[in-house]
Amino acid sequence: MDPYFLTQKLRAYAKRIKVSELEKCLSKMGEDISKETRRTVDDLSKGIVNRLLHGPMLHLRCDGTDAAV
């Protein structure tokens, strides 16, 4: 299977989960939270997703000749 296709599917799947969990979190926090707080929570969720996907993405992009991965 094409590594580019797999990385795109994995990113899309992770984004759907992030959006769903972010909406749940923000709804629990209430409507009176500031835009700055919303942005901070969104940045946190993006950072977590990026950190979790970093290793698998490197592995999928690797052509098998790189000993570092």
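# Two helices and the contacts between them

Q: Are K18 and D42 buried or exposed?
A: In this predicted model, local features need pLDDT of at least 70 and side-chain atom pairs count only at pLDDT 80 or more, whereas totals for chains, interfaces and linings use all residues. Residues are numbered from 1 along each chain as its sequence is written; side-chain values use heavy atoms, with hydrogens and water left out. A residue is buried under 20% relative accessible area, exposed over 50%, and partly exposed in between (1.4 Å probe, protein chains only). D42 has a relative accessibility of 19%, and both K18 and D42 are buried.

Q: How many helices and strands does the chain have?
A: Helices (H or I, at least four residues) and strands (E, at least two) are DSSP runs, numbered from the N terminus. Helix 1 covers residues 3–29, and helix 2 covers residues 35–61. The secondary structure therefore comes to two helices and zero strands.

Q: What distance separates the end C-alpha atoms of helix 1?
A: The expected span of a helix is 1.5 Å times one less than its number of residues. Helix 1 has 27 residues, so it should span 39 Å. The model agrees with this expectation, as the end C-alpha atoms are separated by 38 Å.

Q: Which residue just after helix 1 takes a positive phi?
A: Helix 1 ends at residue 29. A phi of about 95° is found just after this helix, and the residue that takes it is G30.

Q: Against which element do the buried residues of helix 1 pack?
A: The buried residues in helix 1 are T7, A14, K18, L22 and L26. From the other side, S45 lies in helix 2 and counts as buried because its relative accessibility is 14%. Contact means heavy atoms within 4.5 Å; leaving aside neighbours within four places in sequence, S45 is in contact with K18 and L22. The buried residues of helix 1 pack against helix 2.

Q: Which residues does M57 contact, leaving aside its neighbours within four places in sequence?
A: M57 belongs to helix 2 and is buried, with a relative accessible area of 2%. Its C-alpha atom is 9.5 Å from that of Y4, although M57 and Y4 are 53 residues apart along the chain. With the neighbours within four places left aside, the contacts of M57 are T7, L10 and R11.

Q: What share of contacts between residues at least 6 apart in sequence joins residues at least 24 apart?
A: One pair that is distant in sequence is K18 and D42, whose side chains meet in a salt bridge with an N to O distance of 3.1 Å. K18 lies in helix 1 and D42 in helix 2, so the pair ties together parts that are 24 residues apart in sequence. Among contacts in the chain between residues at least 6 apart, the share joining residues at least 24 apart is 58%.

Q: How many salt bridges does the model contain?
A: A salt bridge is a side-chain nitrogen of Lys or Arg within 4 Å of a carboxyl oxygen of Asp or Glu. Among them is the pair E21 and K24, at 2.9 Å from N to O; both residues lie in helix 1, three residues apart, about one turn of the helix. E21 is partly exposed at 42% relative accessible area, and K24 is partly exposed at 42%. The count comes to three.

Q: Which residues are joined into one network by salt bridges that share partners?
A: D42 and K46 meet in a salt bridge at 3.3 Å, N to O. They are four residues apart in helix 2, about one helical turn, and K46 is partly exposed at 39% relative accessibility. Salt bridges with shared partners make one network of K18, D42 and K46.

Q: How many disulfides are found in the whole structure?
A: C25 is partly exposed, at 32% relative accessible area, and C62 is partly exposed at 26%. A disulfide requires a pair of cysteine sulfur atoms within 2.5 Å. The number found by a search of the whole structure is zero.

Q: Which residues make the nonpolar surface patch of about 320 Å²?
A: Accessible areas come from the Shrake-Rupley method with a 1.4 Å probe, and for residues only the protein chains shown count as cover. Patches are made of residues with over 30% relative accessible area and no salt bridge, like charges being joined within 9 Å and nonpolar side chains (Val, Leu, Ile, Met, Phe, Trp, Tyr) within 5 Å. L52 lies in helix 2 and is exposed, at 62% relative accessibility. The patch is made by L44, I48 and L52.
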